[in-house]
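Hi,

Here is the structure I said I'd pass on to you. Have a look at it first, and then read my notes underneath.

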Amino acid sequence: MKANKTDPHDAAGLAQLARTGFYKQVHVKSPAALGVRSVITARGDLVEARVRLDNTIRNRSLSLNQPWPFFEKVE
């Protein structure tokens with residue numbers, strides 16, 4: 001079992017790794033880009049819920065021999 005390193009040794013090791021180029025720079029997305037991604041994800045979730053609900057209503061109406069759709073579908 002390895003001995004636990006102390007914080008000064010950890011810091012020195014990380015500094016050495018950074019100096020030698022072991023770690024590469026990463027791109028951090030802007031808050032605006034994260035917000036756009038969040039809105040797109042939320043929209044996808046809402047579309048999925050709508051389709052699931054539409055399919056549930058269609059299935060239940062077919063089991064009751066009711067015509068589907070009850071109203072014209074709006075595109």
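Asp54 and Arg58 are 4 residues apart in helix 2, so about one helical turn separates them. Their side chains meet in a salt bridge, at 3.6 Å from N to O. Keep in mind as you read on that this is a predicted model. Asp54 has 23% relative accessibility, and therefore counts as partly exposed; the cut-off for buried is under 20%. Arg58 is at 30%, so it is partly exposed as well.

How many salt bridges does a search of the whole structure find? The count is 2. Besides the pair above, Arg52 forms one with Glu48, and there the closest N and O atoms are 3.2 Å apart. These two residues also sit in helix 2, which runs over residues 31-63, and they are 4 residues apart, about one turn of the helix. Are they buried or exposed? Neither, as it turns out: Arg52 counts as partly exposed because its relative accessibility is 49%, and Glu48 is partly exposed with a relative accessible area of 49%. The upper limit for that class is 50%, since exposed means over 50%. As for why such pairs turn up, side chains of opposite charge can pair when their charged atoms come close.

Now for the other helix. The chain has 2 helices and 0 strands. Helix 1 covers residues 7-19, which is 13 residues. At 1.5 Å a residue it should span 18 Å, and its end C-alpha atoms are 18 Å apart, so the two values agree. That expected span is 1.5 Å times one less than the number of residues. Following helix 1 you'll come to Gly21, which has a positive phi, near 85°.

Helix 1 also holds Leu14. Together with Phe22 and Tyr23, Leu14 makes a nonpolar surface patch of about 350 Å². Leu14 itself is at 46% relative accessibility, so it counts as partly exposed.

Last, the chain as a whole. What share of the 75 residues is buried? Just 1%. The accessible surface comes to about 7,500 Å², and carbon and sulfur atoms account for 61% of that.

If you want to find your way around on screen, you could begin with Asp54 and Arg58 in helix 2, go on to Arg52 and Glu48 in that helix, and finish at the patch of Leu14, Phe22 and Tyr23.

Cheers

Conventions. Residues are numbered from 1 along each chain as its sequence is written. This is a predicted model: local features need pLDDT of at least 70, side-chain atom pairs count only at pLDDT 80 or more; totals for chains, interfaces and linings use all residues. Side-chain values use heavy atoms; hydrogens and water are left out. Buried means under 20% relative accessible area, exposed over 50%, partly exposed in between (1.4 Å probe, protein chains only). Accessible areas come from the Shrake-Rupley method with a 1.4 Å probe; for residues, only the protein chains shown count as cover. Patches are made of residues with over 30% relative accessible area and no salt bridge: like charges are joined within 9 Å, nonpolar side chains (Val, Leu, Ile, Met, Phe, Trp, Tyr) within 5 Å. A salt bridge is a side-chain nitrogen of Lys or Arg within 4 Å of a carboxyl oxygen of Asp or Glu.
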